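Thanks for making time this morning; I would like to walk you through one model, going from its strand pairing to a pocket and then to a second sheet with its helices. Please keep the structure open on your screens while I talk.

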Amino acid sequence: MPLALKDAVRKRPGMYLGDIDYDAANNVVHELVANAIDLFLAGLATTINIQINAQLIVVTDDGPGLPFSQKTPHDPSASLVEHFLTHRHNHPTADNHAPHVHVFRGGLGLAVLNAVAAKLHIESSDGNSLWVQDFGRGDVLSPAHCQSGLFRKGARIELALDPLIFGDHAPDLYELRKAIFELAHFYPGLIFELGEERFHSKNGFLDLAYFSWNKPSKSAAAPKSFYYQGKSGDIAFQVAALGDLATETAFRSWVNGCATVGHGTHVQGLANALAAIGWQPQVALIHLVMYDPRYAGPCKDALRTPEVTRVLEEALAAPLRDFYHAQSGLPLRG
């Protein structure tokens, strides 16, 4: 008989979290943050606040709250929140929502977080009611309590790492800070608060691209630069490119928040669009968010979806053509 999810996770936590060290603790933070980013991409949240105190992790957002008022069809006495926190699911997300992103690697799921938490305390409000409930070690520790009134909308999840799983390991603030800095550029307009710091990027990938550009000299002029953020059908994308006359463009690419180190069809589409105007920049960055629920899971080393190449070529053709004319005032070759 297969183990229940909570027992499987607690027996072999490394299968879900990786090596049990600071990185595993950071992955717990990443999962909570990724769920809040989904709300931003859906136009439902603007700010994510993260507080770390040793093994206590608190993540707060200003979204619509969790679905405490919705019941699961399997058990009319339990909310969807209880179901999500205690059951495994066979979809990229528990409720099959999209877009769904990750923070640099595959997602864990709320049920896994519950299994590795000594205690997981949730406060959630839709503005008219406040729901409070406790979970921990894979179980429901208390019934949900609802209070009516006027409350600030959002969800607050307070998770204490279980020392039986993590020992004395806690999130590494140095590594976490680097991750949050990069995420602010992945999702321009979203505000991240980590402790007393605030991370917010107006120019998104264009700012991030400058960190990848090797300035030839202290007196070098600002490089030729291109930035574009758009959406075509179920694919949203952010692109930045810097520099000129490179022998080979250094590409960096991501899909749904995960790095695609082997690149793939999204990079091919960007490369084709750049080649169409005869530009070979030194650095080019691209991030895709797939809004189709079929692609809500984490992308592995490379994207192998052929239609993405065509979509990006067509979507980038006019912006790159306008960019070329603004740079040179010359007609396109060919």
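**Strands, a pocket and a second sheet**

Let me begin with β2 and β9, which run antiparallel and are joined by six bridges; please keep in mind throughout that this is a predicted model. Within that pairing, T60 stands opposite R156 in β9.

β9 also pairs with β5, again in an antiparallel manner, and here eight bridges join the two strands. If you would like to find the register on your screen, you can take H121, whose bridge partner in β9 is E158, and then S124, whose partner in β9 is A155.

From β5 we can step on to β6, residues 129-136, since six bridges join these two strands, which run antiparallel as well. The residue S125 has L130 of β6 as its bridge partner, and in the hairpin that β5 and β6 form, with three residues between the strands, G127 takes a positive phi near 105°.

Now to the pocket, where some of these strands come up again. Which strands each supply at least two residues of the lining of the second largest pocket? They are β1 (47-53), β2 (56-61), β5 (117-125) and β9 (154-161). The space in this second largest pocket comes to about 240 Å³, and of the 15 residues that line it, T60, D61, R152, K153 and G154 lie nearest its centre. T60, then, which we met opposite R156 in β9, is one of the residues nearest the centre of this pocket. As for the chemistry of the lining, which may interest those of you who think about docking grids, its residues divide into seven charged, six polar and two nonpolar.

Let me turn to the second sheet, which is an open one of five strands, in the order β12-β13-β16-β14-β15, with mixed pairing. Its edge strands, each pairing on one side only, are β12 (225-232) and β15 (258-259). Inside the sheet, β14 (residues 250-255) and β16 (residues 283-290) run parallel and are joined by six bridges, with A250 standing opposite V283 in β16. Two helices should be considered together with this sheet: α10 packs on it, touching β12, β13 and β16, and makes about 135° with the direction of β12, while α7 (residues 173-186) lies across β13 (235-242), β14 and β16, running at about 85° to β14.

On the edge strand β12 we find K231, which, leaving aside its neighbours within four places in sequence, is in contact with A236, F237 and Y291. To give a sense of distance, the C-alpha atoms of K231 and P67 are separated by 28 Å, the two residues being 164 apart along the chain.

Finally, a helix pair. Two packed helices are described by the angle between their axes and the distance between the axes. How do α9 and α10 cross, and at what angle? The axes of α9 (residues 265-276) and α10 (residues 307-328) come within 8 Å and cross at roughly 35°, and the crossing is right-handed. On the α9 side the contact is made by T265, H266, Q268, G269, L270, N272, A273 and L274, and on the α10 side by V308, T309, L312, E313, L316 and L320. Sorted by type, the residues of this contact are seven nonpolar, six polar and one charged.

Definitions and conventions:
Residues are numbered from 1 along each chain as its sequence is written. This is a predicted model: local features need pLDDT of at least 70, side-chain atom pairs count only at pLDDT 80 or more; totals for chains, interfaces and linings use all residues. Side-chain values use heavy atoms; hydrogens and water are left out. On a 1 Å grid over the protein atoms alone, a cavity is a set of points where a 1.4 Å probe fits but cannot get out, and a pocket is an open set with protein on both sides within 12 Å along at least five of seven lines; lining residues have an atom within 4 Å of a point. Grid points are joined across faces, edges and corners, and a volume is the space filled by probe spheres set on the points. Helices (H or I, at least four residues) and strands (E, at least two) are DSSP runs, numbered from the N terminus. Ala, Val, Leu, Ile, Met, Phe, Trp, Tyr, Cys and Pro count as nonpolar, Asp, Glu, Lys and Arg as charged, and the others, Gly among them, as polar. Axes are lines fitted to C-alpha atoms, for helices over the stretch in contact, and angles run from 0 to 180 degrees between N-to-C directions. A crossing is left-handed if the near helix is turned anticlockwise from the far one by less than a right angle, and right-handed if clockwise. Contact means heavy atoms within 4.5 Å. Two strands pair if DSSP finds at least two bridges between them.
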